[in-house]
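Visitor: I should like a close look at the places where the chains meet one another. Please take me through them one after another in a single connected account.

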Protein chains: 4
Amino acid sequence: MYSFKNDYSEGAHPSILKALMETNMEQEDGYGEDKYCEKAIKLLKGKLECDDVDIHMFCGGTQTNLTSISAFLRPHEAVISANTGHVLVHETGAIEATGHKVISMLVDDGKLKPKHIKMALDEHNDEHMVKPKMVYISNPTEIGTIYKKQELKDLSDFCNKNEIILYMDGARLGSALCSKENDIEISDLPKLTDAFYIGGTKNGALMGEALVLCNDSLKEDFRYHIKQKGGLLAKGRVIGIQFLELFKDDIYFELAKHANGMAEMLKIGITNCGHKFLIDSYTNQIFPIIPNKIIEKLEEKYSFIVWQKIDEGNSAIRLVTSWATRDDMVKAFIEDLGLLERI
Amino acid sequence: MYSFKNDYSEGAHPSILKALMETNMEQEDGYGEDKYCEKAIKLLKGKLECDDVDIHMFCGGTQTNLTSISAFLRPHEAVISANTGHVLVHETGAIEATGHKVISMLVDDGKLKPKHIKMALDEHNDEHMVKPKMVYISNPTEIGTIYKKQELKDLSDFCNKNEIILYMDGARLGSALCSKENDIEISDLPKLTDAFYIGGTKNGALMGEALVLCNDSLKEDFRYHIKQKGGLLAKGRVIGIQFLELFKDDIYFELAKHANGMAEMLKIGITNCGHKFLIDSYTNQIFPIIPNKIIEKLEEKYSFIVWQKIDEGNSAIRLVTSWATRDDMVKAFIEDLGLLERI
Amino acid sequence: MYSFKNDYSEGAHPSILKALMETNMEQEDGYGEDKYCEKAIKLLKGKLECDDVDIHMFCGGTQTNLTSISAFLRPHEAVISANTGHVLVHETGAIEATGHKVISMLVDDGKLKPKHIKMALDEHNDEHMVKPKMVYISNPTEIGTIYKKQELKDLSDFCNKNEIILYMDGARLGSALCSKENDIEISDLPKLTDAFYIGGTKNGALMGEALVLCNDSLKEDFRYHIKQKGGLLAKGRVIGIQFLELFKDDIYFELAKHANGMAEMLKIGITNCGHKFLIDSYTNQIFPIIPNKIIEKLEEKYSFIVWQKIDEGNSAIRLVTSWATRDDMVKAFIEDLGLLERI
Amino acid sequence: MYSFKNDYSEGAHPSILKALMETNMEQEDGYGEDKYCEKAIKLLKGKLECDDVDIHMFCGGTQTNLTSISAFLRPHEAVISANTGHVLVHETGAIEATGHKVISMLVDDGKLKPKHIKMALDEHNDEHMVKPKMVYISNPTEIGTIYKKQELKDLSDFCNKNEIILYMDGARLGSALCSKENDIEISDLPKLTDAFYIGGTKNGALMGEALVLCNDSLKEDFRYHIKQKGGLLAKGRVIGIQFLELFKDDIYFELAKHANGMAEMLKIGITNCGHKFLIDSYTNQIFPIIPNKIIEKLEEKYSFIVWQKIDEGNSAIRLVTSWATRDDMVKAFIEDLGLLERI
């Protein structure tokens, strides 16, 4: 059984484990105040071409999102999300548990645009309703689409003008930035967002997300919030070392390119077999529409998620590739799909 | 500079890193549903001699405490803690952030006893005050003392009779169970507490705490709470593998014994130098009272925390040993202390 | 300027003020433990033909809703609401501020039906999403429609079978129960819901809502929750006296009948002028569709809310009548509308 | 049975009920946007000799406290209270339920002084602990003592210098300001505090507290918070009318003087009977120490709270007087006490 279920099925890139081993017996300060976190942060600031940001290390995406949103907003303020947004649907009410409403806006491609924000602002116009104060986007989105630079710029301008905080969930940021459709540089992000995070867990780390606070007004006392929400890892070095490894020779981008490449190989193969896709994505998630009978057969050898019913006979499935996806297994999948077609 | 500041200065026991490497490229399910978590849980149940518990893996102690307390209590219910308790003082209001008051009871040795619980219950007697519903203890306590079996039994009986949940924070549980003063077996804990956790971070893991839910009424839907509070690690295997390594050959206890042994060596040496201690502890934390002038000199070569002012000329310092503490450095510390005395 | 904006524009029914005056200098216990609350509760239990309920007095609807929902649910549990629901839209995130998600279900007539609950349950099927545990309905709904007995019974049966709490917001319960389309008795409610409240503020009281807890599992420690959320009025007598007055001679129902009657008079008059309605409601809220030009003229003499744009030339307005609405003003409104038509 | 249990046993000052009646059938806007609230706010600003404050009406003290503290603080910030403080002990964890820790400081006379605040600041010095950001005092305190102007000034200066918000709970503010020991004017309060409230419930209103926001940084969006916490009364006029009545001819102060006078009469009478007091208070609460045998007898005719055990034979009781306390009953109490002495 080979898994295309997600991008966190394997452990970590071997160079990370090697670095953990080599530094293992050094004594370091706790709670992210060690020299590896310090070095990793310095390195990331270089990649971002921006010294004027604060960077904090987290263990996971939900932790990063809930800590940020809770720290950024006053009690009556709410965050706007696309109807597919992770914070809206797949975090067990983590944001609401910190007291804030997530306002859902219906979009067709996973992407929030200024018109959606305007609509939310227009609808929430007095103190009997929450006050929309923050926009949550992820890049890529939950359905694998990415923001083009102009789209992000338009959103950023609209948010600035309306004093709305723009936050980007980058759980799969590597995949977005390495997509062949992408025209955004990582160094654009401090200019275009108020805060964003660089996801490690889904791109080769054991665990780890690096939150980047760009807007000065969001920086104060931030470590208090991480501690309060349980996210301040005693051995913070473990995350620092990982980001150091991922970025010192730009492995981070290589791993993402590999993942995207494997997805594209799948896409071409599946297209050649005559199948269409639910969404036209260029990242490490693809959503082919496959006859149910063939899905059943594929499930005998591969694991993946059946994403959505299309009609009586067909469903969209989600295939996720990663830094660790083996190209022989991608080829095997395509071959098996081809054989099943002919039956 | 050698550190006696805490027990999380180094990385992990080497066998853990080895196991992470050996299993690295295997594909596993996410969020703690992998086979290593499964095996670790089975192994722990064996050690606990109890199959009727639920075990969940966490990344850190504050995360474990806040998720548990928030899951166990209704909104108007509060948790009772000793005035030195970690949840009361050192978690940045993490418990209050989930909506619950922590009631502080003044104790002299870090340990809550039935009389303290009774006092809290007597004082909170109507709906204008919170309802005490849970007792938080840690073993060892924040100041290194441990519960004797009879003390724990008395507390357990009192809590049972009054329908109070008894929860034990085991961040340093290994050190307590391996103390030469200890008479509690790890297999006693499911009988004597409603929930407790086995701390890995401070006893040789990169990170990881294993929460054990003993009381059936606390088990339902628990994974929802972990997810909501941001504690469900995508690559849960990382914690599962660590607990497997720590317990399969009882390394966990060996490491704790080493830490305690190093503390005792320090204690004997410091006593021989003629110093007294703030508290008579038998775990991996000791609190000698040292003249300030000598403390200043020691700080040139060793790092540790100055815990408490005793009088104008003397302070108690905290020395913490760990699984990784080197005995040559312990000897060096004692020797240096002896030399400083003679000046 | 005469107002059809809402049903809380005037003070209280005169008999209430009279009773407040007559009892004014009596000494009573505080916090709802006075004899008037006691009498009012006894009286209400009689009307409900059910002794096995707990009744608590509140000052307002949002307070009642947030206290109930927060007391009923565990942290990971969520409440299902129609997309028009008051708790979803018009309480400034009061429910989320207590930590709970409100799940929105799109309905066409303001009413949740079993199929909507089923859909919510089907969509929320693992611990990465909140757990739907409660259904919030209001009767009448936000758009003036009411539940028929069979509809409520079906919903109640479905909730029971699925261990879902059914809660009815009765801010305008009098208007629903006195609607000519209604076939529910107030004494049906303890059998068909787990909790509901009888709204006083919008039916002749200065302020006051009586929360009825029907399901035993929701009753324990409830006064703690009222106090914690700031809803325990020191002079609880003020609400007790009002409910006593409203129910001792069934004034409550008379006032609601008057309000409904005034709405019907408006409806007939407006229909006769040739206008249609957005929704076919039989309570004290009606939503006629009027040409914008006429709306502008009406606004010179009457205040009301422009509810929704219909097309370029027409909008739906909301007219609300109450226990205090004067029939001469209703007639005047119709007359003015008729005159404006002819221009 | 005559009650000295509290100052909210009776209804409201008759002129309030009269005003409610006279204005009853006028149509007013809801939610505190009526002309009576507007007039009352203007009147209060005049009394405060300060136009640059925002004033909001609430139904009760706990509601006012929890809404304010929750609105003022960020999640990691905490409020400092005396160990006797109402928010610490007697609000069922209302503050913690909004996510904030209340830090308790041990004081001997109910009053926080700069040294206590300094101690709290010194103890909370990094991100592993909450950040003290607000000081909660009440005037008079829970035990009937009052702040002298210089004490309040010192506290205010210390808070300003340390960027701490100073908040005064004025549930019994009238009694403090009319105490014969008082040297504070109501118009001093906007200069000396960041926010405070003028309590109506305990000084002749049916219910009602007027929150005064003095510091500009606390004013923004405040109505959102009132609504979210359930405190925005639909018929806000009811509170506006009451404050208008209480302040238009300074009845508020007359009522407080009466209450204080009755307490002093009791004090003199009890002193003459040879009894001492637990605390030397000059407001409407006194705490005489009485032999238990006599207390038992008194309880046959008077209700009051037994406050604290003094020794085997004696207890302190709390006697509270109010705007409605009858002097014949005060005399009767003293006479009865005198008679009981002689037995």
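Guide: In this predicted model, the contact between chain A and chain B involves 40 residues of chain A and 40 residues of chain B. On the side of chain A that touches chain B, at least two residues come from each of α1 (14-22), α3 (61-72), α5 (94-97) and α10 (222-228) of chain A. The element that gives the most to that side is α1(A), with 4 residues. By character, the residues of the side of chain A that touches chain B comprise 18 nonpolar, 17 polar and 5 charged.

The contact of chain B with chain C may be described in the same order. Here 14 residues of chain B meet 14 residues of chain C. Two or more residues of the side of chain B that touches chain C are given by α3 (61-72) and by α10 (222-228) of chain B. Of the elements on that side, α10(B) gives the most, namely 5 residues. The side of chain B that touches chain C is made up of 3 nonpolar, 6 polar and 5 charged residues.

The symmetry of this pair can also be stated. Chain B is superposed on chain C by a rotation of 180° with 0.0 Å of shift along its axis, at an RMSD of 0.0 Å. The two copies are therefore related as by a two-fold rotation axis. Within chain B, B:Arg74 has the C-alpha nearest the axis, at 3.6 Å from it. Both copies use the same surface, since 100% of the contact residues of chain B recur in chain C.

Inside chain C, one helix pair merits attention. Two packed helices are described by the angle between their axes and the distance between the axes. Helix α2 (residues 35-47) and helix α11 (residues 237-248) of chain C pack at an angle of about 35°, and their axes are 8 Å apart. The crossing of α2(C) with α11(C) is left-handed. From α2(C), the contact is made by C:Tyr36, C:Cys37, C:Lys39, C:Ala40, C:Leu43, C:Leu44 and C:Lys47. From α11(C), the partners are C:Arg237, C:Gly240, C:Ile241, C:Phe243, C:Leu244, C:Phe247 and C:Lys248. In the contact of α2(C) with α11(C), 9 residues are nonpolar, 1 is polar and 4 are charged.

Note on methods
Residues are numbered from 1 along each chain as its sequence is written. Chains are lettered from A and ligands numbered from 1 in the order in which they are written. This is a predicted model: local features need pLDDT of at least 70, side-chain atom pairs count only at pLDDT 80 or more; totals for chains, interfaces and linings use all residues. Two residues are in contact if their C-beta atoms, placed from the backbone, lie within 7 Å. Ala, Val, Leu, Ile, Met, Phe, Trp, Tyr, Cys and Pro count as nonpolar, Asp, Glu, Lys and Arg as charged, and the others, Gly among them, as polar. Copies are superposed by least squares on the C-alpha atoms of residues with pLDDT of at least 70 in both. Axes are lines fitted to C-alpha atoms, for helices over the stretch in contact, and angles run from 0 to 180 degrees between N-to-C directions. A crossing is left-handed if the near helix is turned anticlockwise from the far one by less than a right angle, and right-handed if clockwise.
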